[in-house]
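Q: Could you take me through one part of this model at close range? I would like to see how its elements fit together, and then what lies around it.

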Amino acid sequence: MLRLAPGEGRAYGLAGATVAALTLLLVALGPRLSLGSTFMVYVLVVIGVALRLGSRPAVAAAVAASLLIDLCFVEPRGRLTIADPSEWLALLTFLVTALVVGQLTASLRAQAAAAEQRERETSALAEASWSVASQVDRDRALAAVLERLAPVSGAVAAAVIVRERDGALTALAAAGDRGALPDLTLDTVHRVVNVVINDGLGVAWTLDRRHWDKALELPSAGLSWLPLINESRVLGVLCLARPGAGPPDEPVRRVVESLANHAGVVLARENLARLEAETRALAEVDRLKTALLSMVSHDFRSPLAAIKASATGLMQDGEPLDSPTVREMLAGINSEVDRLNRMVENILALSRLEAGAWQPRVEPTPVAEVVGAALEGLSKADNARVAVRLAPDLDLVACDPVQMAQVLHNLIENALKYTSGEIEVAAEADESAVRLSVADRGPGLPPELSGEMFEPFVRARHLRESAVPGVGLGLTICRGLVEAHGGTLSALPRHGGGTVFEVRLPHATGDRS
Amino acid sequence: MKILVVDDETQIRRALRVGLERHGHVVVEAADGEAGLDAFAEHSPELVVLDLAMPRLDGLGVCRELRGWSAVPIIVLSVRDDERDKIAALDAGADDYLTKPFSLDELLARMRAVVRRVELGRADEPAVLNVGDLTLDFARHRVTRAGEELHLTPIEFDLLRYLALHAERVVTHRQLLSKVWGEEWAEDTHTLRVHISNLRNKIEHDPARPRHLRTEPRVGYRFVSGE
């Protein structure tokens, strides 16, 4: 049974109409043309039909022309019978000639079209390869592949869809008319994508319906789904919107599947890059862990030893201790516990920073509030050593108020710890940034420390045997927090002796209301 | 005073019992949330000290449950990290919080503050409140510092009044915003920060070292009446 492809009915109609129009023209002209010339004119028309409309309409045109010639130009006219046997032969010759010439012409046309299609495919593949190789960004590379897809596949829109860890679907890239693409939240879409990912086979793509029946109730007609495979793992799904088109023919399938492979390569490359980043992060965590362990063994032991000694001393039988001694030992335990608590807090802060889990919650904040919060929690004696100088015209500063207060607090504590005189906390602004500074009149920074002062555990290395308590995480945390704000933290020699730690926070861009 | 201590750590419960009993309080202990609710029903304590992280019904759940039918003062205990739980507990009706590790002195101070607050709440709102060198005249909407009148905007006055009436107690951003501005402003912490800053400039001698209007990082503010 002959089935008409879409548009083929129109081709037959056009072929018939052309032949009929020619016949009307020739009849109107009257018997001025010989039968031989009439045949030639019809052959020309059949060639034209073959060129424009293809082989089957050309056959139809040849047959229709034979019949019409018989009816209109061969005696007796108006009837299919033929009086002169030689005209039989002429008509038969015409039919064979028209058929053969028509088929040859149509096959030439098909070859030219195939060559053109191959050319398009080759150039699409070459361009896609180039995009994949030259475009580092995943989404842009995918978009470039999708752009090439539309002209060779007849798709009006295409998208690359991946399934996230939580099962949600995301379109990483899309091209063409987005309205033709499916809604990724629909249940049916989920079902189709899951079938494609789990089975690694296309849905509504090949003629083999067995597979797509699993993904029943396709959300809308005209969508095709292909797996994006790399090294036998399905990394995503290519969705093509080809409304009105049936399953594609072999050449289209070939080129689309090649392009899908390109998209698969892009996804695989992204996965590799992520894996590499994770490995690097793990190595860094490992380094920190080692440093942390060595620190725990040194710095944690001393407060623990002090607590243990005091507690067991208090528990001893024998001569009862006088009450000032008891108080003194208890106060010792208390302050060692505070010290341990601070260390634990610093380590927690550092690990959150390193894990990138401590995003600042930036909001426009009055500078005085940051400074006030930083000073809170200092003892009365320490507070008396701090002079505060805030420029009167200070605007709001864009920062996370809690984190910035912690930065300032750490810097102030640091200055109080390493020096004995008064320290100055100041805030002022210039055109580009707000500057918060903590200045002391201490001995200044040892030159050998300046390069690595903000590295974790530096104090543990350089001052391990010193009498000043602390772990050397404070400055690392400060730097991490300030950098998370897009600012800088630096230590500079102070004019007239001492050190200034300066935080520069860029002004918030845009709305500062 | 009869105090219910709900905490899953035996050492903490023991230390609190010893410390609180030395100050003349009676202590009832419970080791998890469910047991805490049972003990509350059985002993009707006058104050609850409640750990947030507990097995079988956590502190937040206990807090919500208790607030369904009791106005008993509740102080929650938490570790530094669980700010969100802390704020949730305060918004669910807890009266104050303490961050572990804490000293017994801090706990006693918090207890005194919440109990005083509850007693104040029973009486009518005072017409005039004296804190430090500040005098708040609620009837006439006037604030004076050492006799000198301060010019506060109506919003600043409402803020100060709410904080002063809840003196010594932490008030969350959400509570302040919804009480002073209205429920639909409850997330607008930025506005709050700016007004608090202006208020500090007016009522504090040294706004960078506020004596009265203290910041509780990430949680809210605490009005401290004196030192």
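A: Two residues are in contact if their C-beta atoms, placed from the backbone, lie within 7 Å. With that in hand, among contacts in chain B between residues at least 6 apart in sequence, 54% join residues at least 24 apart. The model is predicted: local features need pLDDT of at least 70 and side-chain atom pairs 80 or more, while totals for chains, interfaces and linings use all residues. Residues are numbered from 1 along each chain, and chains are lettered from A and ligands numbered from 1, all as written.

Let's make the sheet of chain A our close-up. Four strands form an open sheet in the order β2-β1-β4-β3 (chain A), and their pairing is antiparallel (strands are DSSP runs of E, at least two residues, and helices of H or I, at least four, numbered from the N terminus; two strands pair at two or more DSSP bridges). At the edges stand β2 and β3 of chain A, each with a single partner strand, so one side of each has no neighbour in the sheet. On average, neighbouring strands here are turned by 25 degrees against each other, direction ignored (axes are fitted to C-alpha atoms, and angles run from 0 to 180 degrees between N-to-C directions).

Follow the edge strand β3(A) inwards and you meet β4(A), with which it makes eight antiparallel bridges. One bridge to look for joins Pro227(A) to Val237(A), the latter in β4(A). The loop between β3 (223-230) and β4 (233-241) of chain A holds Ser232(A). This serine has a positive phi of about 55 degrees, although it is not a glycine. Ser232(A) counts as exposed because it has 6 C-beta neighbours inside 10 Å (20 or more is buried, 12 or fewer exposed, and in between partly exposed).

Beyond the other edge strand, Arg178(A) sits in the loop between β2 (169-176) and α6 (187-199) of chain A. Arg178(A) is exposed too, with 11 other C-beta atoms within 10 Å. In sequence Arg178(A) and Ala157(A) are 21 residues apart, yet their C-alpha atoms are 6.4 Å apart in space.

Now add the helix that covers these strands. Helix α5 (residues 138-153) of chain A lies across β1 (157-163), β2 and β4 of chain A, at about 50 degrees to β2(A).

Elsewhere in chain A, the axes of helix α3 (residues 55-73) and helix α4 (residues 85-134) come within 9 Å and cross at roughly 160 degrees. Residues making this contact include Ala58(A), Ala62(A), Ala65(A) and Ile69(A) of α3(A), and Leu91(A), Phe94(A), Ala98(A) and Gly102(A) of α4(A).

Chain A also touches chain B, through 18 residues of chain A and 16 of chain B. On the chain A side, at least two residues each come from α9 (323-354), β5 (363-366), α10 (367-375), β6 (386-390) and α12 (401-418). Of these, α10(A) gives the most, with six residues.

Chain B itself has eight helices and 12 strands, and 33% of its 227 residues are buried. It has a backbone detail to set beside Ser232(A): Ser44(B), also not a glycine, has a positive phi of about 40 degrees. Ser44(B) lies in the loop between α2 (33-43) and β3 (47-51) of chain B and is exposed, with 12 other C-beta atoms within 10 Å. Finally, the peptide bond from Lys100(B) to Pro101(B) is cis, with omega near -5 degrees, and Pro101(B) belongs to the loop between β5 (96-99) and α5 (104-122) of chain B.
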